[in-house]
Amino acid sequence: MQSRTPSRTGRPRSAAADEAILEATRAALVDLGWSKLTLGDVATRAGVAKTTLYRRWAGKNELVVDAVAVLFDELELPDRGSLAADIEGVVLQFAAILDRPETKTALMAVVAESTRDAPLRERIRTSIVDRQKRLVLEGRARAERRGELPVPADPCVAAETADLIFDVAAGAVVHRTLVSAEPVDADWVRRFTALLLGGLAAASE
């Protein structure tokens, strides 16, 4: 059977248009809130036709998740010389992103909506959570090269530990920033990092 290459129809996607749409989505969320946000309003703000949005996103849920996901893609794990310093750096970055008005509004809205929308939960997991687990894997690999952490003998256990580390770190920062509305300052980050490293040391024994 001869394979067929799917043909592309319509105009090619524009990275500039995508960026403008996602930025307009975040701005509209801050101004209007989740309930009043419409794709028509986003299209007007972005200066594109509404059909342009529908060619890219099936609806508001998918659009808002992608608008939030690109913010978290800004997270980096620069080498600051030690595992503790690396963790402190990325936690401060994460907290700063969460403190933006557009992030607060968008993230709280999609998480609330996802409690009754399983496909939306899956999109949040794949577009935000899974993409940012790379930071844990990068940090662990770097710490192993430095000799700060042992190389795990069982890859399955290592993967489970990475998931747990991500859940603990992300959960703590999200709760403190968005639920408790408390500052994530340098002192809190130092104490949190010491607690996390204590758990890592125990898990490695």
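## Salt bridges

In this predicted model, the number of salt bridges is 20. One of them joins D79 and R146, whose closest N and O atoms are 2.6 Å apart. D79 sits in the loop between α4 (60-72) and α5 (83-98), while R146 belongs to helix α8 (residues 134-146), so this salt bridge ties together parts that are 67 residues apart in sequence. The two partners fall into separate accessibility classes: D79 is exposed, with a relative accessible area of 53%, and R146 is partly exposed at 28%.

A salt bridge also forms between the side chains of D86 and R142, with an N to O distance of 3.1 Å. This pair links distant parts of the chain, since D86 is in helix α5 and R142 in helix α8, 56 residues apart. Here D86 is buried, at 2% relative accessibility, and R142 is buried as well, with a relative accessible area of 12%. D79, D86, R142 and R146 belong, together with E148, to a network of salt bridges.

## The E113–R116 pair

The side chains of E113 and R116 form another salt bridge, at 3.1 Å from N to O. What is the burial state of E113, and what is that of R116? E113 has a relative accessible area of 19% and counts as buried, because the cut-off for that class is under 20%. R116, at 64% relative accessibility, is exposed.

## S114 in helix α6

S114 is part of helix α6. The residue is buried, with a relative accessibility of 6%. Apart from neighbours within four places in sequence, S114 has contacts with L120, R121 and I124.

## Overall architecture

The protein contains 10 helices and zero strands. Read from the N terminus, the order of elements is α-α-α-α-α-α-α-α-α-α. Along the principal axes, the C-alpha atoms fill a box of roughly 55 × 55 × 30 Å.

Of the 205 residues, 40% count as buried. Among contacts with a separation of 6 or more, 66% are between residues 24 or more positions apart.

## Nonpolar core

The largest nonpolar core has 55 residues. Which of these residues touch the most other members? They are V42, L63, V64, F72, V91 and V173.

For V64, the partners can be listed individually. Once residues up to four places away in sequence are set aside, V64 touches T25, L29, W34, L37, A106 and V110.

## Largest pocket

The volume of the largest pocket is about 730 Å³. It is lined by 32 residues, and those closest to its centre are F94, F166, A169, A170 and G171. Two or more lining residues come from each of the elements α5, α6 (101-114), α7 (118-132), α8, α9 (155-179) and α10 (186-204).

Which element supplies the largest share of the lining? That element is α9, with nine residues. By residue class, the lining divides into 26 nonpolar, three polar and three charged residues.

## L196 in helix α10

L196 is located in helix α10. Its relative accessible area is 11%, so L196 falls below the cut-off of 20% and is buried. With neighbours within four places in sequence left aside, the contacts of L196 are I87 and V168.

How far apart are the C-alpha atoms of L196 and R116? They are separated by 32 Å, and the two residues are 80 residues apart along the chain. R116 is the exposed partner in the salt bridge with E113, whereas L196 is buried.

Terms used: Residues numbered from 1 in each chain as written. Predicted model: local features only at pLDDT ≥ 70, side-chain atom pairs only at ≥ 80, totals over all residues. Heavy atoms only, no water. Salt bridge = Lys/Arg side-chain N within 4 Å of Asp/Glu carboxyl O. Helix = DSSP H or I, 4+ residues; strand = E, 2+ residues; numbered from the N terminus. Buried < 20%, exposed > 50% of the residue type's maximum accessible area, 1.4 Å probe, protein only. Core = buried A, V, L, I, M, F, W, Y, C linked by side-chain atoms within 4.5 Å. Contact = heavy atoms within 4.5 Å. 1 Å grid on protein atoms, 1.4 Å probe; cavity = no way out; pocket = protein on both sides within 12 Å on 5 of 7 lines; lining within 4 Å. Points joined across faces, edges and corners; volume = space filled by probe spheres on them. Nonpolar A, V, L, I, M, F, W, Y, C, P; charged D, E, K, R; others polar.
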